[in-house]
Amino acid sequence: MEVIISKTSEAMSKAAALEVADVLNTKPNAVLGLATGSTPLGLYKELARLHKEEGLNFSQVTTFNLDEYVGLPGSHSQSYHYFMHENFFKHVNIPTQNTFIPSGTTSNYKAFCAWYEQRIADCGGIDVQILGIGTDGHIAFNEPTSSLQSRTRLKTLAESTIDDNARFFDTREEVPIYAITMGVGTILESQRIVLLANGKNKAKAIAEAVEGPITSMNTASALQMHGSTRVFLDDEAASELKMREYYDWVRDKKPGAPQL
Ligand code: F6R
């Protein structure tokens with residue numbers, strides 16, 4: 001894992017956006033894996049700016065979202081379909097038919113999950129997967145004790161995740177209890193992974209994911225087994241890392257490193 005720490009959340013988002021832009025500039029028909037939630041909002045804003053002001057082209061891009069709440073139609077203001085449209089898709093030129101988000105309203109979840117996995121494979125796999133992290137260390141909705149080989153499936157959310165996400169709903173009771181989510185195994189097959197975290201409330205989960213043992217108790221820790229993961233943090237999210245000096249040293253020495 002490479003850990004890139006920025007002073008602010010805004011700088012973190014810009015650094016991660018450059019990573020995504022780099023993928024698109026080398027592979028214009030890249031397949032992007034996308035996350036929702038508060039964390040990637042700055043990244044999507046910066047990608048939209050790069051599109052509008054610097055011509056970053058999404059016309060050949062395909063996207064797959066990590067997850068969706070079960071029971072919320074795409075028109076619901078808290079559905080991830082709605083989130084993606086409002087915060088990203090309507091600001092860039094990705095063809096709508098190239099955007100895939102798990103269905104929260106299918107009548108056959110098992111069949112839908114198998115189709116979603118197959119669709120990712122048919123598109124050549126994910127080139128870069130964007131991830132946030134839950135306070136319990138989850139990636140997508142792979143809650144603690146999820147299999148580290150899991151695939152896209154229906155998942156029951158942890159009560160702590162329901163608590164965390166209640167801020168987006170009028171009442172806690174409205175937060176869906178189930179979600180459809182890519183598995184840890186699905187995520188680990190991405191060519192590159194960009195994990196983002198900002199704020200003090202993510203510091204513990206990040207320290208465990210990056211420097212702790214690989215464990216299903218923090219599913220983000222499985223990213224230690226992935227060969228090309230970059231972790232973009234702000235100062236607060238990095239505040240419990242023991243190896244901070246080393247990460248900054250690597251960053252500072254990078255310009256002089258031999259090119260592989
Ligand atoms: C969302 C997702 C989740 C979030 C995580 C952090 O698609 O997959 O894993 O990334 O719950 O959410 P925020 O960014 O709202 O703190």
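**Exercise 1. Describe the composition of the shell around the ligand by residue class, and state which residues come nearest.**

Solution. In this predicted model, the shell around the ligand divides by class into four nonpolar, seven polar and three charged residues. The next step is to turn from classes to individual residues: of the 14 residues around the ligand, those that come nearest are Thr39, Asp67, His138, Ala140 and Lys202.

**Exercise 2. Find which polar side-chain atoms of Thr36, Thr39 and His138 approach oxygen atoms of the ligand, and at what distances; then determine how much of the ligand the protein buries.**

Solution. Begin with Thr39, where an N or O atom of the side chain is 2.4 Å from an oxygen atom of the ligand. Continue with His138, which places a polar side-chain atom 2.7 Å from a ligand oxygen, and then with Thr36, whose side chain has an N or O atom at 2.8 Å from an oxygen of the ligand. Turning to surface area, the ligand taken alone exposes 410 Å², of which the protein buries 94%. As for location, the ligand sits in the largest pocket.

**Exercise 3. Explain why Cys113 and Cys123 form no disulfide, and decide whether each is buried, partly exposed or exposed.**

Solution. Recall that a disulfide is a covalent bond between the sulfur atoms of two cysteines. The cut-off needed here is that the two sulfur atoms lie within 2.5 Å. For Cys113, the closest cysteine sulfur is that of Cys123, and because the two are 17 Å apart, they are too far for a bond. Seen from the other side, Cys123 is likewise in no disulfide, its nearest cysteine sulfur being that of Cys113, 17 Å away. The structure accordingly holds zero disulfides. For the accessibility step, buried means under 20% relative accessible area: Cys113, with a value of 6%, is therefore buried, whereas Cys123, with a relative accessible area of 24%, is partly exposed.

Conventions
Residues numbered from 1 in each chain as written. Predicted model: local features only at pLDDT ≥ 70, side-chain atom pairs only at ≥ 80, totals over all residues. Heavy atoms only, no water. Near = heavy atom within 4 Å. Polar contact = N/O pair within 3.5 Å; in protein donor to acceptor, adjacent residues only side chain to side chain. Areas by Shrake-Rupley, 256 points an atom, 1.4 Å probe, with all protein chains shown as cover. 1 Å grid on protein atoms, 1.4 Å probe; cavity = no way out; pocket = protein on both sides within 12 Å on 5 of 7 lines; lining within 4 Å. Sits in = over half its atoms within 2 Å of the grid points. Nonpolar A, V, L, I, M, F, W, Y, C, P; charged D, E, K, R; others polar. Buried < 20%, exposed > 50% of the residue type's maximum accessible area, 1.4 Å probe, protein only.
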